[in-house]
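Biologist: Here is the chain I would like to go through with you. I will ask where each label comes from.

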Amino acid sequence: MMRIIAGKARRRSLETLSGEDITRPTSERVKEGVFSAIQFEIEGKRFLDLFAGTGQMALEALSRGASSAVLVDDNVKAVEIIKTNARKTELIGQCKILRKDYSEYLKGASASGEKFDIVFLDPPYAKNVKDEVLKKLTRADILNDGAIVICESENDYFEEGEDVYGLTFRKKYRYGRALITMLEKRAGSAPSSDSEE
């Protein structure tokens, strides 16, 4: 059973979708590890989840003091589950829930000048996080200085000291199949300027 681990919605249970072809929820162990690593950096921050699935990562952040969250998923069933979970945790007032492809969302957010402090990326493991999602994220220029980008993937894309499309490597953790990589936008770093493919 999925649940909120800590904060004002602690122990609230969350709904899941059946079938990993629809969504692959981040495991409890991974979620706990991620939020332990950033626990003192959540208060008052804006959170973005581009592949929200069940919504559990954004809802956990809101429960722990984030000010607002945008949850994006292109699957209609996932969006309904996110709405259900946001209501169950009584955090829906702080959520903006959108059924959109992540690329479409990033273009719109860039045009409207949106900014975020924490971004969680957990696309299907088949996607190339580094070369596709991260490039589009940094090109969109929606990260505040000091923003943390948390990537869940299967493969080890990043090395210590590596600059990743204007983001600085921070730390990585392995939890079985899942690899969590944390990157940070340093003050004054420019967004990726690679030409659109």
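Modeller: Start with the rule for strands: two of them count as paired if DSSP finds at least two bridges between them. Keep in mind that this is a predicted model.

Biologist: How do you know that β9 and β10 pair?

Modeller: Count the bridges. The cut-off is at least two, and β9 and β10 share 7. Their sense is antiparallel. One bridge sets Lys171 against Met182 in β10. The two strands form a hairpin with 2 residues between them, and Gly176 has a positive phi near 60° there.

Biologist: What makes β8 and β9 a pair?

Modeller: They share 2 bridges, and the rule asks for at least two, so they count as a pair. They run antiparallel. Asp163 has Thr168 in β9 as its bridge partner. This is a hairpin too, with 2 residues between the strands. Tyr165, in the turn, has a positive phi of about 50°.

Biologist: Which strands stand at the edges of the sheet, and why?

Modeller: Take the order first. The open sheet has 8 strands, β5-β4-β3-β6-β7-β10-β9-β8, with mixed pairing. β5 (95-99) and β8 (163-164) each have a single partner strand, so one side of each is left without a neighbour in the sheet. Those two are the edges.

Biologist: How do you know that β4 and β5 pair?

Modeller: They are joined by 5 bridges, against a cut-off of at least two. β4 covers residues 68-73, and the two strands run parallel. Val70 is matched with Lys96 in β5.

Biologist: Which strands does β3 join?

Modeller: There are 4 bridges from β3 to β4, in parallel. A further 3 bridges link β3 to β6, again parallel. Asp49 shows both links: it stands opposite Leu71 in β4 and opposite Phe120 in β6.

Biologist: What makes the unit of β3, α2 and β4 right-handed?

Modeller: Point the strands away from you and follow the path from the first strand over the helix to the second. Clockwise is called right-handed. The unit of β3, α2 and β4 has that hand. α2 lies across β3 (46-49), β4, β5 and β6 (116-121), at about 170° to β3. Helix α3 (residues 76-88) lies across β4 and β5, at about 165° to β5.

Biologist: Which residues of helix α1 are buried, and what covers them?

Modeller: In α1 (residues 28-37) the buried ones are Val30, Lys31, Gly33, Val34 and Phe35. Their cover includes β1 (2-3), α2 (56-63), β7 (143-153), β9 (167-175) and β10 (178-184).

Biologist: Which residues touch the most other members of the largest nonpolar core?

Modeller: Val34, Ile38, Phe47, Leu59, Leu71 and Ile150, in a core of 33 residues. The elements that give two or more residues are α1, α2, β4, α3, β5, β6, β7 and β10. α2 gives the most, with 5. As for Leu71, its contacts beyond four places in sequence include Asp49, Ala58, Ile82 and Ile97. A second, separate core has 28 residues, including Val72, Leu98, Ala109 and Phe158.

Biologist: How many aromatic pairs does the count give?

Modeller: It comes to 2.

Biologist: Why is the pair of Phe51 and Tyr102 called tilted?

Modeller: Their ring centres are 5.1 Å apart, and the limit for a pair is 6.5 Å. The planes meet at 45°. Stacked needs under 30 degrees and edge-to-face over 60, so what lies between is tilted. Phe51 sits in the loop between β3 and α2, and Tyr102 in helix α4 (residues 102-112), so the pair ties together parts 51 residues apart in sequence.

Biologist: Are Phe51 and Tyr102 buried or exposed?

Modeller: The cut-off for buried is under 20% relative accessible area. Phe51 is at 16%, so it is buried. Tyr102 is at 3%, so it is buried too.

Biologist: What makes the pair of Tyr173 and Tyr175 stacked?

Modeller: The angle between the planes is 25°, and under 30 degrees counts as stacked. The centres are 6.3 Å apart, within the 6.5 Å limit.

Biologist: Why is Tyr173 called partly exposed?

Modeller: Its relative accessibility is 23%. Buried ends at 20% and exposed starts over 50%, so a value in between is partly exposed. Its partner Tyr175, at 15%, counts as buried.

Note on methods:
Residues numbered from 1 in each chain as written. Predicted model: local features only at pLDDT ≥ 70, side-chain atom pairs only at ≥ 80, totals over all residues. Heavy atoms only, no water. Buried < 20%, exposed > 50% of the residue type's maximum accessible area, 1.4 Å probe, protein only. Contact = heavy atoms within 4.5 Å. Axes fitted to C-alpha atoms, helices over the stretch in contact; angles between N-to-C directions. Core = buried A, V, L, I, M, F, W, Y, C linked by side-chain atoms within 4.5 Å. Phe/Tyr/Trp six-rings, centres within 6.5 Å; stacked < 30°, edge-to-face > 60°.
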